[in-house]
Amino acid sequence: MRRKVDGTILEEDEFEPRRRPPRNLEAALVGQIPAESLALLPKSFDIVGDIAILDLNSDLGASEKKVAQAILEVHPNVRSVFARTGPVSGPERIRPLRHVAGENRTETIHREFGCSFKVDLSKVFFSPRLSTEHERVARQVLEGESVVDMFAGVGPFSILIAKTVKKVEIDAIDSNPSAAKLIQENIRTNKVDATVHVHLGDAREVVRRLEHKATRVIMNHPSAAKNFVDAACTALAEGGVVHYYTFAQGENSDVDAMGELESALKSVGYSVRIFLGVRKVREVAPMKWQVAVDAEVTPMS
C-alpha cells in the first residue's frame, strides 16, 4: 500500500491478502473427502462456548477427522470438536462424548442473553438449543415471585431470571454434585448469589425443606418430569404456574403433553386451572418432540 504526501510516495507496505474461512462445511470439504461422503455431513450441530458437538455418521469412516478439522476452519471461535456417542441418560443426565479434533477438553464458558455459564459437558447436562426457552420463561416471571427450578443444571433458567427480574427469590435444585458446584460458581460470576439459593439433592426431598412456597416451578427434565409433579405441587402449596417439559410423539404431541400433565396432576389432587401455552421446543427424533407446557395449577376442591 502506498501513501502520498504532496504527490511524493513516502513508503510502500506489502500485505498478505486476508484469507477468508469457507462459508460452510460442505465448501470446506469439497475435494477433501469422497463425493459420497459429502451427503453424510451433519445438517447441524451444537456449539457450547468454544466446543462443537455433533452426530457423526459411522459411514464417514476415515473422513470424520477431516470433517471435524473443517468445523474448526469454518468456525474460528471453535477450539474443540466432540461426537455424540449415545443419548442423555442416568440421574445426572450426562451425554457420552468422543473427542475428534482440536483441544481435548470438555470445560468451557457459554454465554447467552448477557449471562456467562461455566459448563463441563462430561459432567453435566447443557443444551444451547434451549436458550430461547430460558429467555421465554424468564420473560413470564413477575417482580416479587418465588421460583423453584427443580432440575437447575448449571443455572441457565435461574440465573437469567435473577438477572432480569427484580425482587425475585429462586431455589435452584439439582441432584448432580457437579451441576450444583458449577451453579454455585455461575451465580457468583453473574453476581446473583444473593437471589439464587442452590440445593444439592433430589427435588422431591428438597422442596419439603424449603421455608417459603413457590409461585412458579420449572420442570425441565422431559424424560422424568411426570414423576416429580407431586413435588412441584408440594412446592406450590396453594397453586401457581408450572413450566412442564416432556417428550411426545406424533402429530398430536402438544395435546398428548397437556394430557400427560393433567393426568399426573389429578393423581396428586391438583388440576389445571388454565393452560397458558404449549409449544414444541425441539425435535429429538423423527416426529418426536420436546414439548413445553405452561399451566396455572390449583388444588382440587
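User: With accessible areas taken from the Shrake-Rupley method using a 1.4 Å probe, where only the protein chains shown count as cover for residues, what does the accessible surface of the protein come to?

Analyst: This is a predicted model, where local features need pLDDT of at least 70 and side-chain atom pairs 80 or more, while totals for chains, interfaces and linings use all residues. Residues are numbered from 1 along each chain as its sequence is written, and side-chain values use heavy atoms, leaving out hydrogens and water. Carbon and sulfur atoms own 47% of the accessible surface, and the whole comes to about 15700 Å².

User: What share of the residues is buried?

Analyst: Buried means under 20% relative accessible area, exposed over 50%, and partly exposed in between (1.4 Å probe, protein chains only). Out of 301 residues, the buried share is 48%.

User: How far does helix α6 reach from its first C-alpha to its last?

Analyst: Helices are DSSP runs of H or I with at least four residues, strands runs of E with at least two, numbered from the N terminus. Helix α6 covers residues 177-189, 13 in number. The expected span, 1.5 Å times one less than the number of residues, is 18 Å here, and α6 comes close to that at 19 Å.

User: Where do the buried residues of α6 sit, and what do they pack against?

Analyst: Ala179, Ala180, Leu182, Ile183, Asn186 and Ile187 are the buried ones. They fall within an arc of 165° (from the directions of the C-beta atoms off the helix axis), so they line one face of α6. Lys181, Arg188 and Thr189, on the other side, are exposed. Going by contacts (heavy atoms within 4.5 Å), the buried face packs against β8, α5, β10 and β11.

Methods. Areas by Shrake-Rupley, 256 points an atom, 1.4 Å probe, with all protein chains shown as cover.
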